[in-house]
Amino acid sequence: MVHDEQKNTFVLKGIGVSPGIVIGKAYLFDRYDAQVPLYTLSDPKLITVEIRRFRKALRESEKQLLELKKKLSDMGGGMDPLYIIDVHIMILKDRKLVDLTIQNIRERSVNAEWALRMTIDKYREIFNRMDDDYLRGRISDIQYAGQRILANLTGGKRVVLDPGESVVIIANDLSPADTAQMKIDKVLAFATDIGGKTSHTAIVARSIEIPAVVGLENVTKVVRTNDEIIIDGSAGLVIVHPDLEVRKRYEGKKRLFEKAQDDLLDYAHLPATTRDGYSVEIGGNIEFIEEIPSAIAHGADGIGLYRTEFIYINRDELPTEEDHLANYRSLVGVKELSWATIRTFDLGGDKLFSERHPSRELNPQLGLRAIRFCLKEAELFKIQLRAILRASALGKLRIMFPMISGIEEIREAKRMLFEVRAELLAQGKPVGQDIEIGIMIEVPSAAIVAEELAKEVDFFSIGTNDLIQYILAIDRINERVTYLYEPLHPAVLRLIKEVVEVGHRAGIRVAMCGEMAGEPAYTMILLGLELDELSMNPLAIPRVKKIIRGSTLKESKALLDKVMTLSSTEMIRNYVEKTMRKRFPDEFPKNAP
Ligand code: PEP
Ligand code: MG
């Protein structure tokens with residue numbers, strides 16, 4: 001897997017004012033950007049011309065500053081302004097600033113203005129990292145000197161902002177004048193420090209139908225031009241330097257969002273009931289609490305999977321019990337949700353935990369992740385358990401343990417849960433009476449001993465993302481083996497069927513919360529399996545509901561029975577595709593990829 005280990009993923013929360021998802025490059029918009037044109041130098045000879053222009057602009061800037069200094073000193077008064085001018089002159093002569101700009105011209109074949117802008121951005125990045133407030137503020141001197149050089153380069157002409165490629169605009173705020181200066185067809189999304197639902201940025205974004213998140217407070221401080229960035233205008237999130245896992249999730253969400261756009265939303269709030277009256281509960285999978293409104297808007301009856309490991313990202317310190325509680329509080333009180341399943345954190349493997357990850361493992365998917373990690377780091381785990389139990393006093397909650405591989409692990413996790421519960425009660429802290437306990441079935445051994453595990457818990461939730469990777473022995477994030485990742489492999493279907501039957505025989509609820517649950521092509525198969533709950537990316541819900549409402553349990557069971565007799569993945573896939581195409585020609589057009 002190749003991805004940038006240096007830059008950690010982090011998330012900013014703001015106000016989503018225009019829905020949609022965009023994955024792209026950031027472009028930090030300063031007002032003086034309007035004077036910064038970009039063009040690439042088609043002829044290598046032009047490089048010398050640009051360097052000469054740059055040096056000339058430096059000389060002119062110095063001359064102007066010296067004249068200004070003289071004028072001020074002739075006027076008398078304090079020494080401060082003169083001193084500041086000296087600082088600006090020093091900046092113009094700074095070897096690093098000059099060399100870096102020339103290097104940008106040479107290596108990137110860009111015009112002098114753009115090369116200088118890149119240099120200033122670099123400085124801003126360095127200064128932003130400084131601990132000392134005073135020093136951090138000194139970036140303004142560099143910007144001031146930079147603006148003077150730019151003005152000399154462009155001759156003060158105003159230029160329409162054209163970043164070349166399509167970008168996500170990051171700004172403190174955007175006035176009508178700012179947006180008027182942009183080549184709007186190059187703007188993928190907006191993210192701003194300030195603003196609300198009715199701010200100009202929001203209105204423009206909605207009218208041109210691009211996602212926007214405002215009120216982020218410090219997005220201009222922490223995002224740099226060219227940073228890789230995801231804007232989720234529906235959830236009000238900005239994700240910077242997304243790692244492969246997050247990127248993949250959002251690519252999926254983006255596709256789903258686009259698909260969900262049309263008339264599908266009509267289905268969001270209709271019951272997930274087949275034409276012959278069989279109902280299945282629909283959950284939403286969320287990574288951030290801010291996604292709850294989106295889950296509700298897309299028709300989730302409850303939250304089937306809250307991936308709490310995301311609480312651990314974007315921090316220098318580990319989250320405290322109160323941090324956890326603050327998150328869970330937002331989950332329990334929501335009247336539109338009939339249930340909420342908090343999955344204890346699943347860190348390790350491909351999951352985000354770069355900073356605190358105990359060590360890099362050779363084979364992280366088979367390593368110390370999820371419940372294994374939690375049982376080992378008991379004190380860390382107890383912080384989360386305490387918060388979940390305290391939240392359970394405020395409303396109905398389900399707790400779910402990931403990656404359980406056998407009876408010992410669930411017993412140990414429960415023992416810790418009860419221990420923490422007793423401690424809380426002894427401290428006079430209220431806890432809920434009836435928290436339901438469940439496990440994810442995502443390790444083949446758990447599926448095989450499901451009968452024993454069912455005696456220990458109130459529900460199962462089948463995590464097909466991992467279950468498939470472990471059944472088929474393929475790393476789920478290794479793009480070289482994705483062709484083998486096959487939910488319709490007979491081994492996968494047989495094992496899932498077995499788990500549902502065992503769970504139902506034991507009288508417990510069986511859900512599915514892996515991506516498979518949200519893939520409409522599999523919906524009839526899943527109906528045939530009689531899962532109690534399908535929990536998915538909220539954006540997938542309307543389409544899945546559409547299929548459920550157009551099917552019958554009877555035909556779904558017949559489909560399942562038929563595919564269970566087929567021996568190869570290819571045969572199953574062909575059969576399922578043919579059936580779905582026949583039954584839902586609009587949803588599965590013939591030439592669809
Ligand atoms: C799964 O494995 O199917 C699952 C839902 O969990 P995650 O994707 O977070 O590992
Ligand atoms: Mg999993």
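A residue counts as buried when its relative accessible area is under 20%, and as exposed when that area is over 50%. Keep this in mind as you look through the close-ups of this predicted model.

**Figure 1. A salt bridge between two buried residues, glutamate 587 and arginine 543.** Glutamate 587 has a relative accessible area of 13%, so this residue is buried. Its partner, arginine 543, is buried too, at 14%. Their side chains meet in a salt bridge, with 2.5 Å from N to O. Because glutamate 587 sits in the segment after helix H23 (569-583) and arginine 543 in helix H21 (residues 541-550), the pair ties together parts that are 44 residues apart in sequence.

**Figure 2. A salt bridge within helix H15 (residues 407-426).** Here you can find arginine 415 and glutamate 419, which are four residues apart, about one turn of the helix. The closest N and O atoms of this pair are 2.6 Å apart. How exposed is each partner? Arginine 415 is partly exposed at 41% relative accessible area, and glutamate 419 is partly exposed at 27%.

**Figure 3. Aspartate 43 and lysine 45 form a salt bridge.** In this pair, the closest N and O atoms are 4.0 Å apart. Aspartate 43 is partly exposed, at 31% relative accessibility, whereas lysine 45 is exposed, with a relative accessible area of 64%. The count for the model comes to 44 salt bridges. Some residues are linked in a network of these bridges, including Glu281, Lys396 and Arg398.

**Figure 4. The magnesium ion (ligand 2) and its protein donors.** Which residues hold the donor atoms? They are Glu442 (OE) and Asp466 (OD), lying 2.0 to 2.1 Å from the ion. Glutamate 442 is in the loop between strand E13 (436-441) and helix H16 (444-448), while aspartate 466 is in helix H18 (residues 464-472), 24 residues apart. Both glutamate 442 and aspartate 466 are buried.

**Figure 5. The second largest pocket, with a volume of about 1100 Å³.** Look for Lys248, Gly252, Arg255, Tyr485 and Glu515, which lie nearest the centre of this pocket, among 37 lining residues. Helix H10 (244-260) and H18 each give two or more residues to the lining, and H10 has the largest share, with 10 residues. By class, the lining has 14 nonpolar, eight polar and 15 charged residues. The pocket lies between domain 1 (10-29 + 162-261) and domain 3 (268-583), because both give residues to its lining.

Key:
Residues are numbered from 1 along each chain as its sequence is written. Chains are lettered from A and ligands numbered from 1 in the order in which they are written. This is a predicted model: local features need pLDDT of at least 70, side-chain atom pairs count only at pLDDT 80 or more; totals for chains, interfaces and linings use all residues. Side-chain values use heavy atoms; hydrogens and water are left out. Donors are N, O and S atoms within 2.8 Å of the metal (3.2 Å for Na, K and Ca); water is not among the atoms, so sites may look incomplete. Buried means under 20% relative accessible area, exposed over 50%, partly exposed in between (1.4 Å probe, protein chains only). On a 1 Å grid over the protein atoms alone, a cavity is a set of points where a 1.4 Å probe fits but cannot get out, and a pocket is an open set with protein on both sides within 12 Å along at least five of seven lines; lining residues have an atom within 4 Å of a point. Grid points are joined across faces, edges and corners, and a volume is the space filled by probe spheres set on the points. Ala, Val, Leu, Ile, Met, Phe, Trp, Tyr, Cys and Pro count as nonpolar, Asp, Glu, Lys and Arg as charged, and the others, Gly among them, as polar. Domain bounds come from an automatic or database domain assignment.
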